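Please explain how the elements of this structure are arranged, beginning with a pair of helices and then turning to the sheet.

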Amino acid sequence: MTDCNLPYDAFLRAVKQNADTDHVFLLGAGASISSGVKSADDCIWEWKKDIFISQNPNLSNQYKEYKSDAVKASIQKWIDNEGCYPPLNDPEEYSKYALLANPIEPVRRKFFENICRDKEPYIGYKLLCLFAQVGMVRSVFTTNLDGLTVKAAYQTGITPIEVTLESSDRIFRPSSKNELLCVALH
């Protein structure tokens, strides 16, 4: 197995040697943090805070800043004492708290729209699209809900071909030069 943790200069040499090869990228949690989108951990703590405050409204001013370690510890202690919430670092914490904090699907969707609103693709997305311009990248698969790959493609003059659950048949569409297949895995 090849070590994929390369120093920057080795990565550049590898890219140069494979300039004539189509590449596929898989983007997941964390790819959009540099663009200002909340991390999964930040979402979890915001949901925990919202649940806590909805059950303890008189403490809302004291618990506004959910990123402080003291506030997190206090909220987690309350959650643990309630006995009906996922424990800290549970593998299902993200999905369970997303549902607990926003049980109505359109409201949950609105939460994600709000955290992605007005975000601009940072340099990684732009570089990805520059690679697409020269034919090195043809497809990007992502678990993210932010649409930053599509936005970066438009900004770079690449035509994004969006594939979602509603348009899954597009994945079989032959790609053309100057197009980027953007597959949303959610």
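Is the crossing of α2 and α4 left-handed or right-handed? In this predicted model, the crossing of these two helices is left-handed. Helix α2 spans residues 40-55 and helix α4 spans residues 93-101; their axes come within 9 Å and cross at roughly 40°. Since angles from 65 to 115 degrees count as roughly perpendicular and those under 35 degrees as roughly parallel, α2 and α4 are therefore oblique to each other.

On the side of α2, the contact is formed by Ala40, Cys43, Ile44, Trp47, Lys48 and Ile51. Helix α4 contributes Glu93, Tyr94, Tyr97, Ala98, Leu100 and Ala101. By character, the residues of this contact comprise 10 nonpolar and 2 charged, with no polar ones.

The sheet may be considered next. It is open and has 4 strands, which follow the order β1-β2-β4-β3 with parallel pairing. Strands β1 (23-27) and β3 (159-163) stand at the edges; each has a single partner strand, so one side of each is left without a neighbour in the sheet. From one strand to the next, the twist averages 20°.

The pairing of the edge strand β1 can be followed in detail. Strand β1 runs parallel to β2 (residues 137-142), and 5 bridges join the two. Within this pairing, Leu27 has Thr142 of β2 as its bridge partner.

A further helix accompanies the sheet. Helix α6 (residues 123-133) lies across β1, β2 and β4 (179-184). Relative to β2, helix α6 runs at about 145°.

Terms used. Residues numbered from 1 in each chain as written. Predicted model: local features only at pLDDT ≥ 70, side-chain atom pairs only at ≥ 80, totals over all residues. Heavy atoms only, no water. Pairing = 2+ DSSP bridges. Axes fitted to C-alpha atoms, helices over the stretch in contact; angles between N-to-C directions. Contact = heavy atoms within 4.5 Å. Parallel < 35°, antiparallel > 145°, perpendicular 65-115°, else oblique. Left-handed = near helix turned anticlockwise from the far one by under 90°. Nonpolar A, V, L, I, M, F, W, Y, C, P; charged D, E, K, R; others polar.
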